[in-house]
Amino acid sequence: MTITRTHRTYPSHRHQKREVGTRRKPELPAADARTDRSSARVLFVTTEMTDFVKAGGLGDVSAALPRALSKHHDVRVLIPGYPSVLAVFGDSLKTIGKTRSYHKLPPCQIAEAQLSDGLTVLVLRNADLYEREGSPYADASGHEWPDNDIRFATLSRAAAEIALRNVHMRWQPDVLHLNDWPCALAAHYLDGESDAVPTVLTIHNLAYQGVFPASTAMHIGMSARRRIEHDRHGRISFLHEGIAKATYLTTVSECYAKQITEPACGCGLDTLLRRRSLDGRLTGIVNGIDASWDPHRDAALVSPFAIGEWDKRQENTRQLRDELGLRQQDGPLFAVISRMVQQKGVDLICEAAPQIIAAGGQLALIGRGDPAIERTIARLPRRFPGRVAAHIGFEEGLARRMFAGADFLLMPSRYEPCGLSQMYAQAYGCLPLAHATGGLVDTIEDGVTGLLFRDATVSELRRCLQRAFRIYAEPLLLNAMRGAAMLEKHGWDIPGGQYAALYRRMLPNKNQASVSSAQPAPSVRKEDAYAHT
């Protein structure tokens, strides 16, 4: 059945038609004539990796992207030595280098081990800084570690020292790939060094900027000149410094790369980002998802299925309703699989829940986050027994069964740099219903592989829900859209190849990039302020 596109609600920049199953490639810097270098040594610096620890989407990216890049380059991952990292490697860790103390940043050991698939991981070891229970950023009760400035400046400094050949390691990187604010200062520590290598800084979420008191600058070795330039009302930002100094910036979707150069989404850094974009130093590369997200082979499902096997998919729906304590009934099942925070628009879902129930639908939610939002969600099943289910926490097996059994995934995110849930949902024939922002625009074809609505408001969400109910009432259309969604290709081969090409294009101009990065950072307007920590 041919799917016609109606009720287009996405922004005007989303007007180009594309084939289902393809992904548009971002524009990268023009290739130099000397880009025949086939392989580079890449140090991928991160604070999360799903193999060991995950606090958000960065963990998934850090597990998948280095593996995709290893098809093109010699890639190694640098991660702090959290207890979960040490537990995985055990006695296989071998010390191969060490860093020196620097101002108030303590010395660390650098150990090395390989994962079962051959990916090499470098572990930054300092028991006082990293061997703590909790997440990479906070203790078990959710309170941020008070010395996060020292912890992550130490990680950034170690990455720079490895690149500058100061840690007595045999392997040396040609490129540093940094991720978000905890790694961003590595670009600062390389600034002005004659042996500096190019740096790529990926911004996964601009709202988190690593903001600390200005006095931190002295403790981490930031020069007096840099302290003056980056003192913003008594605060400094690690991410600001990285954005100003990295050779190249990427974000995790094309739309988000445009949005963050505008005041509405720039979190106070839009002027700097706009200048870097105009210099050709900012682009968006859409994330991928791991190959394990395949409903035909997923061991978590009661009834694995492929495109067209809708009866088998319906069996997953029946099983999911039983598992969650929902009534067996006709009508669409809407899922929410998300962090329960204001950014994700979960409050809008709570407001729209009565409409879903009144129209004959059901709602299932899983996730954790803001305690106040968690309490609001926990009240919904008591208000609508048998029609709303909520699981506060996260269990991946249950999440996979929800993708496989729900008809629609609700994602009314106020902003979404990329988003992975919509791609997981599409792979399982669950149609995402999303606010047209960031990576949701780049990965959902409105009326074909999901539904988009323009503004993150309850009224817009309700209108989109009405579209979903109409589609559900037409099984041929519903199944055609499910098939189109499942045909989408969201693997890591395309983004991995785009990053690999970016590395190759940067390397011939390494010396020029180093000179360029030594220039003073663009100034930021006085009214700009760091909006978030």
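**Note on strand β7, its sheet and the nonpolar cores**

1. Strand β7 is mostly covered, since 5 of its 5 residues are buried. The model under discussion is a predicted one. The burial of β7 involves both of its faces: T199, L201 and I203 are buried on one side, and V200 and T202 are buried on the other.

2. The pairing of β7 may be considered next. With strand β6 (residues 175-179), β7 pairs in the parallel sense over 4 bridges. Within this pairing, V200 of β7 is the bridge partner of H177. Between β6 and β7 the chain passes through helix α5 (residues 180-190), and the resulting β-α-β crossover is right-handed. With β10, β7 likewise forms a parallel pairing over 4 bridges. Here T202 stands opposite T250, a residue of β10.

3. These strands belong to an open sheet of 9 strands with mixed pairing, in the order β3-β4-β5-β2-β1-β6-β7-β10-β11. At the edges are β3 (94-99) and β11 (282-284), each of which pairs on one side only. From one strand to the next, the twist averages 25°.

4. Elsewhere in this sheet, strand β1 (residues 41-45) and strand β2 (residues 74-80) pair in the parallel sense over 5 bridges. In this pairing, V42 is found opposite V75 of β2. Helix α10 (residues 270-278) packs on the sheet, where it touches β7 (199-203), β10 (248-251) and β11. The direction of helix α10 makes about 90° with that of β11.

5. Which residues touch the most other members of the largest nonpolar core? Among the 97 residues of that core, they are F52, L78, F89, L176, L206, I220 and I243. Helix α4 (residues 148-163) supplies the largest share of this core, namely 9 residues. A second core, separate from the former, consists of 39 residues and includes V252, F305, A389 and A427.

6. The surroundings of L206 can be described in detail. When neighbours within four places in sequence are set aside, L206 is in contact with L239, I243, Y256, I260, C265, G266, C267, L269 and L273. Of these contacts, I243 is also listed with L206 among the residues that touch the most other members of the largest nonpolar core.

7. Is L420 buried or exposed? L420 has a relative accessible area of 12% and therefore counts as buried, the limit being under 20%. Its position is in the loop between β15 (408-411) and α15 (421-427). Apart from neighbours within four places in sequence, the contacts of L420 are G57, D60, N287, G288 and I289. For one of these, N287, the separation from L420 is 133 residues in sequence, whereas the C-alpha to C-alpha distance is 7.7 Å.

8. A charged side chain also merits comment, R482, which is placed in helix α18 (residues 475-487). R482 is buried because its relative accessible area, 7%, falls under the 20% limit. Neighbours within four places in sequence being left aside, R482 is in contact with W310, R313, D407, G429 and L431.

Technical notes:
Residues are numbered from 1 along each chain as its sequence is written. This is a predicted model: local features need pLDDT of at least 70, side-chain atom pairs count only at pLDDT 80 or more; totals for chains, interfaces and linings use all residues. Side-chain values use heavy atoms; hydrogens and water are left out. A nonpolar core is a set of buried Ala, Val, Leu, Ile, Met, Phe, Trp, Tyr and Cys residues joined through side-chain atoms within 4.5 Å. Buried means under 20% relative accessible area, exposed over 50%, partly exposed in between (1.4 Å probe, protein chains only). Helices (H or I, at least four residues) and strands (E, at least two) are DSSP runs, numbered from the N terminus. Contact means heavy atoms within 4.5 Å. Two strands pair if DSSP finds at least two bridges between them. Axes are lines fitted to C-alpha atoms, for helices over the stretch in contact, and angles run from 0 to 180 degrees between N-to-C directions. A crossover is right-handed if, with the strands pointing away from the viewer, the path from the first strand over the helix to the second runs clockwise.
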